[in-house]
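Q: Got a minute to walk through this model with me? I'd like to go strand by strand and ask as we go.

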Amino acid sequence: MKCVIAGGNVKVLGRAVHSLSRIGDELYLEPTESGLSLRAVNSSRSAFAAFLFAPLFFQLYEPGSAGPDTELFRCKVHMKSFLGVFRSLPSLEKSVGKCLILLKPRASRLVLQLHCKHGVTKTHNLAFQECERLQAVFDTQRCVSRLCAPARLLAEAVVHFPPTLAEVTLGTGTSGRISLRNYVEDDAEPSKTMVTELWLAEDEFQSVAVAPGSHITFCLKEFRGLLSFAEASNLPLTIHFDKPGRPVIFTLDDTVLEVHLVLATLSDLDSSSQCPSTNGVSHLPAPPDDFGDDLESYMAAMETSEGCSEGPPSPTFPLRTPQPAKSKPQQQEEEEEEEEEEEEEGAVPGTPPHKKFRSLFFGSVMTPGRPGPATTQEVLAEDSDGES
Amino acid sequence: MSGQAQGRQCLCERLGPAFSDKEKRKGGIINTIVKLAKTCILRLTVCKLYFILSDKVANGGASMWCELSQGNFFDEFQMEGVAAEHNEIYLEFVPENLWRALKTAQSAKAVKIKLTNKHCPCLRVAVELPSLSSCSRIVTHDIPVGVIPRRMWNDFREPSMPDFDVSIYLPVLKTMKSVVERMKNLSNFIVIEANLSGEMNLKIETDLVSVTTHFKDLGNPPWASEDGCQSSGQGRDLESMAEACIDIKKLQQLLAGQQVNPTKALCNIVHKRIVHFILLHEEVSLQYFIPAIA
């Protein structure tokens with residue numbers, strides 16, 4: 001594979017790498033006919049990101065040739081090494097004119113060469129490992145709800161939450177408003193935890209097609225990486241989501257770039273709950289439909305709408321303990337279920353046991369019409385290494 | 001905390017549209033307090049708010065008393081205390097939470113703070129933010145608080161002015177802050193000494209090094225002598241220094257929290273006992289007591 005990125009696109013690539021570095025420790029490079037794909041997955045397999053740069057993004061793009069028996073070459077490198085090349089975005093912008101990425105199958109190194117001002121050339125030779133295709137299974141078409149917003153809106157929303165916050169719950173109120181709330185763990189002490197909730201009006205979004213009263217909880221940290229990329233590129237962000245437990249998919253689309261971020265969501269087994277706030281601890285009921293601009297009426301509404309309280313207001317909280325996600329009611333793919341159980345059983349140090357995030361299904365993906373890879377058919381070899 | 005007073009207590013403070021200036025000031029106070037302690041007491045009376053840190057062991061014996069008039073900060077203020085003759089509310093809260101909540105209110109259209117008790121007592125801070133759409137964005141922060149029962153209110157009385165030996169105006173806080181910050185790298189304790197001729201020294205001493213910074217012409221506040229004994233050192237030698245050795249971190253924390261130069265900043269030193277700092281802004285007065293290390 002050989003590709004050359006020129007001018008301002010070098011910085012875009014750099015930003016993409018920064019974004020991916022928030023996800024996982026390894027960067028997967030996959031040159032395809034439709035462009036170069038950079039991917040990452042986190043250790044607990046609950047976050048997956050893919051940046052696909054179309055051939056037009058490059059000054060020169062040669063994915064390499066795939067013979068009848070061989071596929072286009074894929075590899076993965078240490079994220080730290082790759083990120084190191086693009087670490088300082090301002091200096092990329094200022095001094096780098098061109099970036100060359102060269103990957104020869106029989107070579108022992110991935111070559112990254114930066115052509116800078118004043119005739120300076122910086123060549124980085126990175127060790128790489130061959131690998132299977134990294135692909136999470138997801139389908140935006142199957143998602144019930146979809147939101148599209150300028151990245152700036154979401155960035156402004158997220159600023160209200162502390163940088164260390166792990167999870168956030170996105171909810172849809174009955175009046176069309178969208179809420180974001182910090183997720184409080186079940187075992188956290190309610191009298192010590194601050195709860196922040198933000199409500200956004202429907203017309204702040206570019207498009208809203210959501211099932212009212214739905215909510216999903218996902219990891220904010222991994223999302224922030226994509227958000228800063230989206231903000232810098234000024235692209236609108238689309239959020240596809242479904243029931244709790246089904247992954248949430250964030251997408252960015254451009255003529256030369258396609259980005260997907262797939263995050264697992266917390267599965268919440270009490271899907272029969274009427275109110276959107278099902279953290280089980282603090283109940284901020286959705287504002288009623290006639291929620292006006294006025295702060296007064298909002299506060300009044302908060303006071304009066306008690307509909308969602310879980311029981312007598314007492315100092316001790318009636319805690320809801322969702323059962324482990326093993327007994328999932330609906331399972332579309334059997335494989336998925338098996339994979340789930342495997343993942344759960346294999347959930348060791350990296351995966352905090354009390355988190356009920358469902359891992360995404362990873363497997364080797366067979367493209368129709370092409371012979372499958374000669375090597376193993378099941379889950380990527382790396383998986384078992386990572387989990388043992 | 002006990003539910004004794006909860007039924008009768010309600011608090012509603014509202015800052016109207018023209019409040020952004022006030023908000024910055026309130027944020028400024030919280031900014032100071034955040035640096036000083038992990039938890040703080042808020043005492044509410046009809047006209048004033050007090051932020052109190054009592055000298056628990058956790059604070060290293062330091063204590064703080066900060067008072068402000070609610071009229072300077074709120075457009076609307078309603079409060080109902082425990083009982084008619086005890087029309088006050090005492091709340092324990094984590095300053096960092098309030099600071100975070102107010103931080104995002106810098107550009108707000110309106111902020112409303114209410115004491116609620118849904119599942120546990122909370123200060124609900126609701127912020128109305130401008131947005132491009134027809135409806136504003138609303139952010140609410142539920143800050144858990146502990147309600148302090150009346151029987152414990154005596155623990156939080158205003159500390160009395162100590163019988164000081166020297167009272168002196170502080171140097172420009174920014175300068176003092178940078179000096180103290182550098183000294184902090186070298187030693188855990190700092191000696192503050194001052195006399196009635198407007199001279200102050202900040203000293204640290206370790207096995208390897210000793211550093212002293214001298215300030216001159218600071219001026220001494222003229223305390224009116226009510227009964228003659230608090231007068232500015234009647235009979236006291238003007239050159240003689242009163243000193244106290246205190247935990248440098250406490251001093252650094254106090255100075256770090258000062259964003260704006262106070263209208264008046266001074267300290268009273270009781271020789272080898274305690275240093276009492278008084279910082280006065282237009283609407284806020286802050287007193288901080290740091291005991292001397294034995």
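A: Sure, let's start with β13(B) and β14(B), which pair antiparallel over 6 bridges. Strands here are DSSP E runs of at least two residues and helices are H or I runs of at least four, numbered from the N terminus, and two strands pair if DSSP finds at least two bridges between them. One caution early on: this is a predicted model, where local features need pLDDT of at least 70 and side-chain atom pairs count only at pLDDT 80 or more, while totals for chains, interfaces and linings use all residues. Residues are numbered from 1 along each chain as its sequence is written, chains are lettered from A and ligands numbered from 1 in the order in which they are written, and side-chain values use heavy atoms, with hydrogens and water left out.

Q: OK. Which residue stands opposite B:K203 in β14(B)?
A: That's B:T212.

Q: What is the strand order of the open sheet with β13 and β14 of chain B?
A: The order is β14-β13-β12-β15, so to speak a row of 4 strands with antiparallel pairing. At the edges stand β14 and β15 (242–247) of chain B, each with a single partner strand, so one side of each has no neighbour in the sheet. From one strand to the next the twist averages 20 degrees, with axes being lines fitted to C-alpha atoms (for helices over the stretch in contact) and angles running from 0 to 180 degrees between N-to-C directions.

Q: Which helices lie across β12 and β13 of chain B?
A: Helix α3 (residues 173–184) of chain B lies across β12 (189–194), β13 and β14, running at about 15 degrees to β13(B). Helix α4 (residues 248–256) of chain B lies across β12, β13 and β15, at about 90 degrees to β15(B).

Q: And where is B:L208 found?
A: B:L208 sits in the loop between β13 (200–205) and β14 (210–215) of chain B.

Q: Buried or exposed?
A: B:L208 is exposed, at 82% relative accessible area. The cut-offs are under 20% for buried, over 50% for exposed and partly exposed in between, with a 1.4 Å probe and protein chains only. B:L208 also helps make a nonpolar surface patch of about 310 Å² with B:L186 and B:V209.

Q: Switching spots: how many residues of β3 of chain B are buried?
A: Strand β3 (residues 48–53) of chain B has 5 of its 6 residues buried.

Q: What does β3(B) pair with?
A: Strand β2 (residues 40–44) of chain B is joined to β3(B) by 4 bridges, running antiparallel. A hairpin of 3 residues links β2(B) to β3(B), and B:L44 is opposite B:L49. β3(B) also pairs with strand β4 (residues 63–69) of chain B, antiparallel over 6 bridges, and there B:F51 has B:C66 as its bridge partner.

Q: What holds paired strands together, in general?
A: Strands of a sheet pair through backbone hydrogen bonds, either parallel or antiparallel.

Q: Now chain A. How many helices and strands?
A: Chain A comes to 8 helices and 19 strands. Of its 388 residues, 52% count as buried.

Q: What's the order of the 10 strands in the open sheet of chain A?
A: It goes β10-β6-β2-β3-β4-β19-β18-β17-β11-β15, with antiparallel pairing. β10 (129–130) and β15 (207–209) of chain A are the edge strands with a single partner strand each, so one side of each is left without a neighbour in the sheet.

Q: How many bridges join β11 to β15 in chain A?
A: Strand β11 (residues 145–150) of chain A is joined to β15(A) by 3 bridges, running antiparallel. A:C148 has A:S207 as its bridge partner there.

Q: Which strands does helix α1 of chain A lie across?
A: Helix α1 (residues 9–21) of chain A lies across β2 (26–32), β3 (35–41) and β4 (47–53), at about 170 degrees to β4(A). Helix α4 (residues 151–158) of chain A lies across β11 and β17 (236–241), at about 95 degrees to β11(A).

Q: Where is A:H260, and why does it count as buried?
A: A:H260 is in strand β19 (residues 257–263) of chain A. A:H260 counts as buried because its relative accessibility is 19%. Leaving aside neighbours within four places in sequence, its contacts (heavy atoms within 4.5 Å) include A:F48, A:F138 and A:F250.

Conventions:
Patches are made of residues with over 30% relative accessible area and no salt bridge: like charges are joined within 9 Å, nonpolar side chains (Val, Leu, Ile, Met, Phe, Trp, Tyr) within 5 Å. Accessible areas come from the Shrake-Rupley method with a 1.4 Å probe; for residues, only the protein chains shown count as cover. A salt bridge is a side-chain nitrogen of Lys or Arg within 4 Å of a carboxyl oxygen of Asp or Glu.
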